[in-house]
Amino acid sequence: MKVIKLLTLSFFVLLSISGFSQERKYSTFYEQRASLFDELKVEQSDIIFLGNSITNGAEWAELFNNYLVKNRGISGDTCEGVYDRLESILRGHPRKVFLLIGINDLGRGSSSDFVVKGIKKIVCKIIEDSPNTEVYIQSLLPVNNRFNLFSGHTSKGEDILKINKALISLSDELDLTYIDLYSFFVNQEGMLDEKYTNDGLHLLGKGYKLWVDIVKRYI
């Protein structure tokens with residue numbers, strides 16, 4: 001009898017764990033960081049850097065020597081993930097938003113058209129909910145497959161070019177500012193310059209310093 005009860009209890013525990021796992025839409029890290037952002041206040045004078053791990057990896061306030069510049073990057077994030085957490089940002093009606101997103105969508109098998117549509121959905125939501133916020137669409141960065149890391153991402157060079165071309169048109173359509181990061185980071189072989197990365201996808205300190213030099217005139 002005890003064995004039957006134990007087996008029954010184990011079954012329901014496993015069923016509960018399985019159901020919980022299936023219900024989770026995003027990673028635990030996403031949930032942790034998004035919940036932090038829910039607690040942090042965004043002011044109308046703030047400047048938001050919004051994106052995935054490439055944005056997440058910077059200390060933006062220190063890089064710009066400006067406490068109004070705030071990091072809203074989450075490692076592993078996608079277009080849908082950014083869209084789903086916009087409320088915590090837009091309720092504060094920040095002065096500016098610098099958006100860089102899409103490489104993880106490509107890494108998961110999404111098409112370039114899917115990424116552009118996802119970015120447009122994000123941008124239109126910002127415009128609708130916080131019309132006085134200035135939106136800056138940043139190009140996707142180049143990638144480099146020579147490190148043999150993040151192969152799902154670093155094999156998407158052609159898709160990145162297609163997306164960036166489409167983002168220029170999208171920026172014109174919505175009368176927004178497009179910032180070309182790509183051209184500053186790409187080497188003569190069409191890949192992310194190895195002086196700015198150690199894995200072919202993410203940036204080293206010199207990469208962030210270059211990024212700041214590119215965008216500081218818009219801050």
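## Ground rules

Buried here means under 20% relative accessible area, exposed means over 50%, and partly exposed is what falls in between (1.4 Å probe, protein chains only). By that yardstick Arg-146, at 46% relative accessibility, counts as partly exposed.

This is a predicted model, so some filters apply: local features need pLDDT of at least 70 and side-chain atom pairs count only at pLDDT 80 or more, while totals for chains, interfaces and linings use all residues. Residues are numbered from 1 along each chain as its sequence is written, and side-chain values use heavy atoms, with hydrogens and water left out. Helices (H or I, at least four residues) and strands (E, at least two) are DSSP runs, numbered from the N terminus.

## The strands in the middle of the story

Let's start with strand 3, residues 96–100. Here 5 of the 5 residues are buried, so the strand is largely enclosed by the rest of the structure. Lys-96, Phe-98 and Leu-100 point one way, Val-97 and Leu-99 point the other way, and all are buried.

What does strand 3 pair with? Strand 1 pairs with strand 3 in the parallel sense, over 5 bridges, and strand 3 also pairs in the parallel sense with strand 4 (residues 134–138), over 4 bridges. (Two strands pair if DSSP finds at least two bridges between them.) On the strand 1 side, Ile-47 has Lys-96 as its bridge partner in strand 3. On the strand 4 side, Phe-98 is partnered with Tyr-136.

## Aromatic rings

A pair of aromatic rings is described by the distance of the centres and the angle of the planes. The rule used here: rings of Phe, Tyr and Trp (its six-membered ring) pair if their centres lie within 6.5 Å, with planes under 30 degrees apart counted as stacked, over 60 as edge-to-face and the rest as tilted. The structure holds 12 aromatic pairs. Take Phe-49 and Phe-64: their ring centres are 5.7 Å apart and their planes sit at 35 degrees, so this pair is tilted. Phe-49 belongs to strand 1 (residues 47–51) and Phe-64 to helix 4 (residues 60–64), so the pair ties together parts that are 15 residues apart in sequence. Phe-49 and Phe-64 are both buried.

Then there's Phe-185 with Tyr-196, an edge-to-face pair at 5.3 Å centre to centre and 65 degrees between the planes. Phe-185 is in helix 11 (residues 182–185) and Tyr-196 is in the loop between helix 11 and helix 12 (205–215), so this pair ties together parts that are 11 residues apart in sequence. Phe-185 counts as buried at 0% relative accessibility, and Tyr-196 counts as buried at 12%.

Ring pairs also build a cluster, linking Phe-49, Trp-60, Phe-64, Phe-98, Tyr-136, Tyr-208, Trp-211 and Tyr-218. And one ring has a charge for company: the charged end of Lys-121 sits over the ring of Tyr-83, 4.4 Å from its centre. (That label needs NZ of Lys or CZ of Arg within 6 Å of the ring centre and within 35 degrees of the ring normal.)

## Salt bridges

Side chains of opposite charge can pair when their charged atoms come close. A salt bridge here is a side-chain nitrogen of Lys or Arg within 4 Å of a carboxyl oxygen of Asp or Glu, and by this rule the count comes to 12. Lys-70 and Asp-46 make one of them, with the closest N and O atoms 2.8 Å apart. Lys-70 is in strand 2 (residues 69–73) and Asp-46 is in the loop between helix 2 (28–39) and strand 1, so the pair ties together parts 24 residues apart in sequence. Asp-46 is buried, with a relative accessible area of 2%.

Back to Arg-146: its salt bridge is with Glu-194, and the closest N and O atoms are 3.9 Å apart. This pair links distant parts of the chain, 48 residues apart: Arg-146 is in the loop between strand 4 and helix 9 (151–154), and Glu-194 is in the loop between helix 11 and helix 12. Glu-194 is partly exposed, with a relative accessible area of 38%. Elsewhere, Asp-213 bridges to Lys-216 at 3.6 Å between the closest N and O atoms, and Lys-25, Glu-80 and Asp-84 are linked in a network of salt bridges.

## Asn-56

Asn-56 is found in helix 3 (residues 53–56) and counts as buried at 17% relative accessibility. Leaving aside neighbours within four places in sequence, Asn-56 is in contact (heavy atoms within 4.5 Å) with Phe-29, Arg-33, Asn-71, Gly-73, Ile-74 and Ser-75.
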